[in-house]
Amino acid sequence: MNRLLNAFDDLLGLLYPSLCITCGERLVSQEKYVCLKCWLDLPVCRFHHDSDNKVAQLFWGRVQLEGATSYFQYRKGSRYQKLIHFIKYKGLKGLGFETGLRFGDVLAESDRFSAVDMLVPVPLHPSKQKERGFNQSEWIARGMADSMGKPVISENLFRKMFSSTQTRKSRFERWQNVEDIFGVSAPETFENKHILLVDDVVTTGSTLEACATELLKIQGTRVSVATLAFASF
């Protein structure tokens, strides 16, 4: 069964201009990547209206954030997992940008998130980015920034060392896996700025916590977090 599903996903990857990424139905005029029905059915979180939302709670007692939110919620195996999968592993940068545009439209309406100075994507290690060909979080951030009218700063925060995959690690193991692996090239760029840290998916929040911890060492910085998806189990 898994082989059949993977084969279907690969077929969608080849035919994505014609078929909806999430449901596989044929796209009609003006639809791109995802059909209108699937966009309308997207399980949008609306966490940007609630400062004590589930994403924010992940970071309580761990790192001081101005705000935390996600665009939509999904469970493993749901059709909306395919949306993340195609952005991250199938090279659909345009889908990342398009979904980021929609997320940015939502955040532009929020006083808390519209007040940020810049968007900073969670960086990949250079070897991982070379292998994948792009950083999916950067393309999501680009779409968000386009809607929000904010700059994207994608080179200043960097990953100092390669870390193994977080899959099947406990929360503590995930934190150990990313502790002290991020650095900042030019701290003055971030001084006294409110930074919106962008990633594709949040599960335990360990990677975002490690990034925020590094950014908050810089004088006057404030950090908020926004991810495309919130993974529920």
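The paragraphs below lead through one strand of this predicted model and then through some of its salt bridges.

Residues are numbered from 1 along each chain as its sequence is written, and side-chain values use heavy atoms, with hydrogens and water left out. Because the model is predicted, local features need pLDDT of at least 70 and side-chain atom pairs count only at pLDDT 80 or more, while totals for chains, interfaces and linings use all residues.

A good place to begin is strand β2, which spans residues 118-121; strands (E, at least two residues) and helices (H or I, at least four) are DSSP runs, numbered from the N terminus. Met-118 and Val-120 on one side of β2, and Leu-119 and Pro-121 on the other, are all buried, so that both faces of the strand are covered; here buried means under 20% relative accessible area, exposed means over 50%, and partly exposed lies in between, for a 1.4 Å probe and protein chains only. Strand β2 runs parallel to strand β5 (residues 194-202), and 4 bridges join them, where two strands count as paired if DSSP finds at least two bridges between them. Within this pairing, Met-118 has Ile-195 of β5 as its bridge partner.

From the strands we turn to charged side chains. Side chains of opposite charge can pair when their charged atoms come close. The structure holds 7 salt bridges, each being a side-chain nitrogen of Lys or Arg within 4 Å of a carboxyl oxygen of Asp or Glu.

One of them joins Lys-37 to Asp-41, with the closest N and O atoms 2.8 Å apart. Both residues belong to helix α2 (residues 36-41), where they are 4 residues apart, about one turn of the helix. Lys-37 is exposed, at 55% relative accessible area, whereas Asp-41 is partly exposed, at 35%.

Asp-41 also forms a salt bridge with Arg-79, in which the closest N and O atoms are 3.4 Å apart. This pair links distant parts of the chain, since Asp-41 sits in helix α2 and Arg-79 in helix α4 (residues 79-89), 38 residues apart. Arg-79 is partly exposed, with a relative accessible area of 29%.

Another salt bridge brings together the side chains of Lys-217 and Glu-214, at 3.1 Å from N to O. Lys-217 is exposed, with a relative accessible area of 56%, while Glu-214 is buried, with 16%. Returning to the earlier residues, Lys-37, Asp-41 and Arg-79 are joined into one network by salt bridges that share partners.
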